[in-house]
Amino acid sequence: MSGVMKRMGMLFRAKANKALDRAEDPRETLDYSYQKQLELLQKVRRGVADVATSRKRLELQLNQLQTQSTKLEDQGRKALALGREDLAREALSRRAALQQQVTDLETQHATLQGEEEKLTLAAQRLQAKVDAFRTKKETIKATYTAAQAQTRIGEAFSGISEEMGDVGLAIQRAEDKTAQLQARAGAIDELLASGALDDQSGMAKDDIQAELDRLSGGTDVELELQRMKAELAGGTGDQQAIEGGKDQSQSQQQPQDTPRFDKQ
C-alpha cells in the first residue's frame with residue numbers, strides 16, 4: 001500500500017510539474033523575480049532611512065545634553081564664584097550624570113552610523129544587481145520572444161502547429177468528402193446507364209435506345225457521305241457523256257467529207 005501511494009504521489013507530482021511547465025511563461029517569471037528584487041531593494045532603502053532617522057534623533061539628543069552640560073558647568077562656576085560651593089557641587093554632579101548619558105548616546109550613535117553605512121553599501125550593491133538583472137531580463141525576454149516567433153513560423157510552414165494541423169485536417173476532410181461524392185456520382189451514372197437504376201425524371205434513355213441512337217447517328221453520317229460521293233460521281237459521268245457525244249458527232253461527219261471515187 002505504501003508503494004502504491006508513493007507511485008501515485010510521484011505520478012501526481014510529475015503531471016502537475018508538466019502542467020506547470022506548459023503553463024509557465026519565462027517572461028512572466030522574470031518579471032515576477034524582478035518585482036520581488038525591487039521590493040527587497042525598497043525594504044533595504046527603507047531600513048537605511050530608518051537607521052538614518054534614528055541616528056539623527058540621537059544627534060539631536062546629544063546636542064541637547066551637551067547644551068545642558070555646558071549650562072550646568074557655567075552654573076557651577078557662577079555658584080563657586082558666589083561662595084555657594086554646595087550649589088556648584090550639585091551643578092557639577094548633574095553635569096557628570098549628563099556626561100554619562102552623552103557617552104552612552106555617542107556609543108549608540110557610532111553603532112547606528114556603522115549600521116547605516118553597511119545598509120547604504122548593501123543598498124548600492126543590491127541596486128547594481130537589480131539593474132544588471134533588469135538588463136539580462138529584457139535580453140532573455142527578447143530572445144525568448146524571437147525564438148517563440150521563429151518556432152511558430154517554422155511550425156506553420158511545416159504544418160505541425162495546432163492551428164495549421166486543424167487547417168490541414170479540414171482540408172483533408174474536404175478532399176475526402178469531395179472524392180467520395182465524385183465516386184458516388186460516377187457510380188450512379190454507371191448504374192443509370194446500365195439500367196440498374198431507374199431515372200425518375202423520365203429524361204434518361206435505356207441502353208437499347210442509347211445504342212440505337214448511336215447507330216442511327218452513325219447511319220446518318222454514312223448516308224450523307226454516300227450522297228456526297230454520288231453527287232461527285234454524277235458530275236463526272238455527265239462530263240464524260242458530253243465529251244462522248246462530241247466525239248460521236250465528229251465521227252459521223254467525217255465520212256461525208258471524204259471524196260468518193262466511182263468505179264469505171
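**Figure 1. The whole chain follows the pattern α-α-α-α-α along its sequence.** This is a predicted model, in which local features need pLDDT of at least 70 and side-chain atom pairs count only at pLDDT 80 or more, while totals for chains, interfaces and linings use all residues. Residues are numbered from 1 along each chain as its sequence is written, and side-chain values use heavy atoms, with hydrogens and water left out. The secondary structure comes to 5 helices and 0 strands. Helices (H or I, at least four residues) and strands (E, at least two) are DSSP runs, numbered from the N terminus. The chain has 264 residues, and 11% of them are buried. Buried means under 20% relative accessible area, exposed over 50%, and partly exposed in between (1.4 Å probe, protein chains only). About 21,700 Å² of the chain is exposed, with 56% supplied by carbon and sulfur atoms. These areas come from the Shrake-Rupley method with a 1.4 Å probe; for residues, only the protein chains shown count as cover. Take the contacts between residues at least 6 apart in sequence: 77% join residues at least 24 apart. A contact means heavy atoms within 4.5 Å.

**Figure 2. Confidence varies along the chain, with helix 2 highest and helix 5 lowest.** pLDDT is the predictor's confidence in each residue, from 0 to 100. Its mean over the chain is 77, and 65% of residues reach 70 or more. Helix 2 has a mean of 89, whereas helix 5 (residues 207-257) has a mean of 63. Over residues 251-264, pLDDT stays under 50. For that stretch the model has 0 contacts beyond four places in sequence.

**Figure 3. The end C-alpha atoms of helix 2 are 82 Å apart.** This helix has 56 residues, and at 1.5 Å a residue it should span 82 Å, so the two values agree. The expected span is 1.5 Å times one less than the number of residues. Just after helix 2 comes Gly 83, with a positive phi of about 85 degrees.

**Figure 4. Tyr 34 and Phe 133 form a stacked aromatic pair.** A search of the whole structure finds 1 aromatic pair. In this pair, Tyr 34 and Phe 133 are 6.4 Å apart centre to centre, with 15 degrees between the planes. Tyr 34 lies in helix 2 and Phe 133 in helix 3 (residues 85-158), so the pair ties together parts 99 residues apart in sequence. Rings of Phe, Tyr and Trp (its six-membered ring) pair if their centres lie within 6.5 Å; planes under 30 degrees apart count as stacked, over 60 as edge-to-face and the rest as tilted. Tyr 34 counts as buried, at 14% relative accessibility. Lys 137 lies over the face of Tyr 34, 5.0 Å from the ring centre. For a charge to sit over a ring, NZ of Lys or CZ of Arg must be within 6 Å of the ring centre and within 35 degrees of the ring normal.

**Figure 5. Ser 69 is a buried residue in helix 2 (residues 26-81).** Its relative accessible area is 3%. Beyond its neighbours within four places in sequence, Ser 69 contacts Arg 95, Leu 98 and Gln 99.

**Figure 6. Arg 55 also lies in helix 2.** Arg 55 is buried, at 18% relative accessible area. Leaving aside neighbours within four places in sequence, Arg 55 touches His 109, Leu 112, Gln 113 and Glu 116.

**Figure 7. Asp 104 belongs to helix 3.** Asp 104 is partly exposed, with a relative accessible area of 39%. Its C-alpha atom is 9.7 Å from that of Leu 62, although the two residues are 42 apart along the chain.
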